[in-house]
Amino acid sequence: MTLETLGLSRRGFFGAALAGGTAVGALGELTLAAGTANAAAPLAGSPMAGALRRKVGSFEVTALLDGFLQLGPDLFVGLDDAEAAKLREAAFVEGTDLTGPVSAYLVNTGDKLVLIDAGTSDKMGPTLGHLGKALTAAGVTPDQIDAVLITHLHPDHLFGVLTPDGQKAFPNAELIMPETDKAFWYDDANMNAAPEQFKPFFLGARAAADAYSSTETLFKGDKEILPGITAKAMPGHTPGHTGYVIDSDGERLIIAGDILHAAVYQFAKPEWAIGFDIDPAQAVAARKAFFDEAASDRVLFAGMHIPFPGFGYVTRDGDGYRFAAADWPYTF
């Protein structure tokens, strides 16, 4: 049966629909009358909580958005203003600042609920500290978390293990951290040598870790932390900066922490460091090495500051690299 057999041309059919008319035929009655809808719902005023789940083998991995921060060009080491402007224009970024997400990842292995990084709590302003909303959207309560794995002890990764009043945010969780990173942030000589504005990083890291002293586990280097989850050393951003490799049923995901902070810049220009790097040269070397590995292996990876939900692939592109966001997990 065609539109013509119903007495309607394609143009006539859509014209009637757009005009709010009625089309009647063998297909039944279709009424598109103007003015019959209920009043519009009020505007929500804020985005929905950030939680997006995908499968990795038999594991479920959920990206959780803690919020965002702004990154000005003055934060980057080695940045060329003209080249940065071109990259921002190509990415449709208005102005000179970039918006950087802060994410965490929840891994459900079937036996354990494992949170990789914990966001900021209330320590970095109102645009951050929303991990709890994302967990709620994912259908998880903080007391269900069995382990919190930390990539490094910076505020936007560790400080969320505490509530705003300084209590354990995950009361039943083991806190698992790289030993090298903890040693750095607990070293008074390092703290005393740091610029004044960075000293709260040291004090906050100690307070967060100390709250979990009875359930704390430290590790060094590349080591299986839990079945299917292996640490991957990526030093430079901090001395003990660590990624985590998720392996399940022949599928793999590398959660690469802060291997980069600005997708707009650092895929194309991996040699550009950021002012938060403890060892910028080592951080650049780690980034290039990881990009080479990920491109060669065509492995899925995620990062805490890649545009949410942060899952994707990297390919070589001239002297730099290019990010390809992973397809949406369409299966319902």
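**Exercise 1. State which residues Leu158 touches, leaving out residues up to four places away in sequence.**

Solution. Contact is taken as heavy atoms within 4.5 Å. On this basis, Leu158 touches Gly119, Ile150, His152, Leu153, Met177, Ala205 and Ala208. The model is predicted: local features need pLDDT of at least 70, side-chain atom pairs count only at pLDDT 80 or more, and totals for chains, interfaces and linings use all residues. Residues are numbered from 1 along each chain as its sequence is written, and side-chain values use heavy atoms, with hydrogens and water left out.

**Exercise 2. Describe the largest nonpolar core and the elements that give two or more residues to this core.**

Solution. Step one is the term: a nonpolar core is a set of buried Ala, Val, Leu, Ile, Met, Phe, Trp, Tyr and Cys residues joined through side-chain atoms within 4.5 Å. Buried means under 20% relative accessible area, exposed over 50%, and partly exposed in between (1.4 Å probe, protein chains only).

Step two is membership. The largest core has 34 residues, of which Leu115, Ile145, Val148, Leu158, Val161 and Phe170 touch the most other members. The elements giving two or more residues are strands E6 (98–108), E7 (113–116) and E9 (174–178), together with helices H3 (131–137), H5 (179–185) and H7 (199–210). H7 gives the most, with five residues. Helices (H or I, at least four residues) and strands (E, at least two) are DSSP runs numbered from the N terminus.

Step three is the second, separate core, which has 25 residues, including Ile116, Leu149, Ala231 and Tyr244.

**Exercise 3. Determine which strands stand at the edges of the open sheet E11-E12-E13-E14-E16-E17-E18.**

Solution. Two strands pair if DSSP finds at least two bridges between them. The sheet has seven strands with mixed pairing. Strands E11 (224–226) and E18 (320–325) stand at the edges; each has a single partner strand, so one side of each is left without a neighbour in the sheet. Within the sheet, two bridges join E16 (residues 300–302) to E17 (residues 311–317), and these strands run antiparallel. Ala302 has Phe311 in E17 as its bridge partner.

**Exercise 4. Locate the buried residues of helix H9 and explain why they line one face.**

Solution. H9 (residues 280–297) has 18 residues. Its buried residues are Ala283, Val284, Ala286, Arg287, Phe290, Phe291, Ala294 and Ala295. Seen down the axis of H9, these residues fall within an arc of 160° (taken from the directions from the helix axis to the C-beta atoms), so they line one face of the helix. H9 lies across strands E12 (229–233), E14 (251–255), E16, E17 and E18. Just after H9, Arg298 takes a positive phi of about 50°.

Methods:
Expected span 1.5 Å × (residues − 1). Axes fitted to C-alpha atoms, helices over the stretch in contact; angles between N-to-C directions.
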